[in-house]
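Visitor: I am new to this one. Can you show me how to read it?
Guide: Gladly. Let us look at it together.

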Amino acid sequence: MGSIAFLSVLLIYISLFVSFCLAEDPIVNYEFEVSYITASPLGVLQQVIAINGHFPGPIINTTTNNNVVVNVRNKLDEDLLITWAGIQQRRSSWQDGVLGTNCPIPPKWNWTYQFQVKDQIGSFFYFPSLNFQRASGGFGGFIINNRPIIPIPFATPDGDITILIGDWYIRNHTALRRSLNSGNELGMPDGVLINGKGPFRYNTTLVPDGIDHETINVHPGKTYRIRVSNVGVSTSLNFRIQNHNLLLVETEGSYTVQQNYTSLDIHVGQSYSFLVTMDQNASTDYYIVASARIVNESLWQRVTGVGILHYSNSKGKASGPLPEPPNDQFDKTFSMNQARSIRWNVSASGARPNPQGSFRYGSINVTEIYVLKNKPPVMIDGKRRATLSGISFVNPHTPIRLADQFKVKGAYKLGFPNRPLTSPPRMETSIINGTFRGFMEVILQNNHTKMQSYHMNGYAFFVVGMDYGEWTDNSRGTYNKWDGIARTTTQVFPGAWTAILISLDNVGIWNLRTENLDSWYLGQETYVKVVNPEATNKTELPIPDNALFCGALSKMQKPEDISSAKSIKFNGNGSKLFFTVVIIFALISTFQ
């Protein structure tokens, strides 16, 4: 009897163990075949980058804490990396998809990304990070839904719609790259795409016949969550839907104070989500518009994307003039005030049940300060380059994280200046040495005449202030220390500054860059190195088994094993379950 009782208790324990194993976070798998296709989004045949034959690529749709596995097969004729803008890659900059952390995927190879969307929600996008490739496509939406136990701070929408907007050139990325390498500017874009399609023919002079446009189908009386990302090259865009209010509810993983806009400026790399109620009489279809901003708009009229919002009971096609953009030609503060109005909803739960405002960033002491200044491109060693604080970044031959892992000397240098250089600008692989669990203040000073936006991988930062003129210590008196929005990409207006605060709690090597592709390509970036002095898997995961090697470590790279060129599964559950079943059968045999 004693042995039977012991067996019963043991089986109960094993059952609980199995339940625990099977309760791990779910896995979502995607296969990406990245290749060229021919398309004519602006009416002219050109080469674009597609994923699985589609342009734009598929939307990754997942939930907080899920494990995401993306097997990428590179069918381009050049190296490839995919980066996941806004996905924080907690403890794993190995999966970040930029040259500071990853060797590129060679042509005809595949590589499998594996990462967890740990403690995140919101609207993001992914794109190819090398060689100006985003200018030819390869991008797609990335949605992280709340777990069911965490309520969203608004009624459940009747539908979820992703809209990708961006300026577009008829020249492909290799031609644009050659232009920059020759010391030229890119010039005015040829148009704006909405979900990879050109404008509806609202104007027979500006829009040629035969262009396919985007149509969003909706039902009257319904409310939709519309997620909008600017995936373009370098143009800020004003987004609006004719006769409809845009109720802003979230940006890049943070719920916002809810407020209505008739239009919103969305800068390169930024993402927002709105609730839009279909409350019009549907006498006709309605225009969806994304038009160029912070430029001479009278000269940039062709840089306008137009789609159609089509009610199921619509009585006719859209016609007449487009809804007007903001009338602020002589008011340079309008767009900045709009940006300042976007605030954090401190009472809403984010990815965790505690309110967003429970992290009181305004009361934390700053441990390090960096003033990063950009200016118009300059000539360095006979090359036209973009700089941050007088340094034009040169990508390392050996990725920084790999160089640290294998103690490669001379791959990069620490000591990026915390104030702009007073000496002549220079080209080098110089990075910021961040302090683990420190609190960094970064001032982004834009002394260029063009709009810029800046992004940091691995983190959401707090946007606490922006203004025109030169930042000084006294500018801190204007900071928002309570409900500044936490996001991953912020705008910096021409002749102005933006201040951000970053809690350096994510170990790794993290890219800090302009999102404007031309400036990024010409060197306007750096990296922030965050190291835990006590090496532990609790703060950084080990190097992945499938890591690629290049540069000084290229001899470590083995030929691609085609047999393993399938999605790598998080197989902990399977192995634990198999082991458990073996134990059960062994015990049953023992006690028979």
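Visitor: How much space lies in the largest cavity?
Guide: Start with the general idea. Rolling a probe the size of a water molecule over the atoms shows where empty space is left. Now this case. The model is predicted. Its largest cavity holds about 90 Å³ of space.

Visitor: Which residues line the largest cavity?
Guide: The lining includes Leu81, Trp94, Trp111, Leu402 and Pro544. Thr101 and Asn102 are also among the lining residues. By class, the lining has 9 nonpolar residues, 2 polar ones and no charged ones.

Visitor: How many cavities of 30 Å³ or more does the structure hold?
Guide: There are 4. The second largest has about 70 Å³ of space. Its lining counts 14 residues, and Phe139, Gly166, Asp167, Trp168 and Val231 lie nearest its centre. Strand 9 (residues 159–168) gives the largest share of that lining, 5 residues. The classes here are 8 nonpolar, 4 polar and 2 charged.

Visitor: Now the sheet. In what order do the strands of the open sheet lie?
Guide: The general idea again. Strands of a sheet pair through backbone hydrogen bonds, either parallel or antiparallel. In this structure, 4 strands form an open sheet with mixed pairing, in the order 3-8-7-5. Strand 3 (60–63) and strand 5 (82–85) are the edges, each pairing on one side only. From one strand to the next, the twist averages 20 degrees.

Visitor: Do strand 7 and strand 8 run parallel or antiparallel?
Guide: Antiparallel. Strand 7 (residues 122–128) is joined to strand 8 (residues 140–145) by 5 bridges. For Tyr126, the bridge partner in strand 8 is Gly140.

Methods: Residues are numbered from 1 along each chain as its sequence is written. This is a predicted model: local features need pLDDT of at least 70, side-chain atom pairs count only at pLDDT 80 or more; totals for chains, interfaces and linings use all residues. Side-chain values use heavy atoms; hydrogens and water are left out. Two strands pair if DSSP finds at least two bridges between them. Helices (H or I, at least four residues) and strands (E, at least two) are DSSP runs, numbered from the N terminus. Axes are lines fitted to C-alpha atoms, for helices over the stretch in contact, and angles run from 0 to 180 degrees between N-to-C directions. On a 1 Å grid over the protein atoms alone, a cavity is a set of points where a 1.4 Å probe fits but cannot get out, and a pocket is an open set with protein on both sides within 12 Å along at least five of seven lines; lining residues have an atom within 4 Å of a point. Grid points are joined across faces, edges and corners, and a volume is the space filled by probe spheres set on the points. Ala, Val, Leu, Ile, Met, Phe, Trp, Tyr, Cys and Pro count as nonpolar, Asp, Glu, Lys and Arg as charged, and the others, Gly among them, as polar.
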